[in-house]
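Notebook open, pencil ready. Today I look at how the helices pack.

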Amino acid sequence: GDRYWEAYTLSLLGNDYSDSNKNDQAIESYSQALAIRRELKDRYGEFNTLSGLGWVSYRLNRYEKAIEYYEQSLSIARELKYQFGVASALHSVGFQNMQIGRPEKGIEYLQQSLLIYRELKERQSEAETLYRLGFAHNMLSHYEKAIEHEEQALVIHRELKDRQGEANTLNGLASFNNGLSRYEKGIEHSQQALAICRELK
């Protein structure tokens, strides 16, 4: 009869199903958790569950549904003045808009997210947002702007010794330089990324 812990456990089940790529079961568990958390007016719990539903919807290529969940989570994070949650939700809405071919909208949300992550000194999240902004600008053929964001992300990944993030960003830089016909630069970045990927196996 403990509804709080029932919702908590259902949410954990949702996480486990999601990690196991059992997305339909994840949605079922998260949806049950969400109903209870709304019944209990557990706003933090509701925020987390909506974020989980957004992630699984993205995994299922249901981008519009993912946006719907993330926008609800954004509204709650703002109500709670939970700034990291606001930044996270903004980032997610921006990325989902990129997925459905709306890079301008994606940039709008990602820029807002970036400002908050910088205020909070969340360097890893800042780097990931810069990385996504690079790809959003690339979608618009704004290659110089894309490279600018990716180079900023690269500095942070190296500072944090995040080798996977460094490799991903180098691959982005290679692609964007190719867009400007800077093939030698593209090769240089690709070779650096390749070395890291081999190092990480």
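First, a term I need: contact means heavy atoms within 4.5 Å. I also note that helices are DSSP runs of H or I, at least four residues long, numbered from the N terminus.

Ground rules: this is a predicted model, where local features need pLDDT of at least 70, side-chain atom pairs count only at pLDDT 80 or more, and totals for chains, interfaces and linings use all residues. Residues are numbered from 1 along each chain as its sequence is written, and side-chain values use heavy atoms, leaving out hydrogens and water.

Entry 1, helix 10. I checked its length: its 17 residues (183-199) should span 24 Å, at 1.5 Å times one less than the number of residues. The end C-alpha atoms are 24 Å apart, which agrees.

Entry 2, its two faces. Which residues of helix 10 are buried (under 20% relative accessible area, 1.4 Å probe, protein chains only)? I found Gly186, His189, Ala193 and Ile196. They cover an arc of only 90 degrees around the axis (taken from the directions from the axis to the C-beta atoms), so they sit on the same side of helix 10. Helix 9 (163-179) is part of what covers them. The face turned away from the buried side carries Glu184, Gln191 and Arg198, which are exposed (over 50%).

Entry 3, just past the end. Lysine 201, just after helix 10, takes a positive phi of about 60 degrees.

Entry 4, valine 86. Leaving aside neighbours within four places in sequence, I see Val86 in contact with Leu74, Ala77, Arg78 and Ile116.

How values were computed
Helix = DSSP H or I, 4+ residues; strand = E, 2+ residues; numbered from the N terminus.
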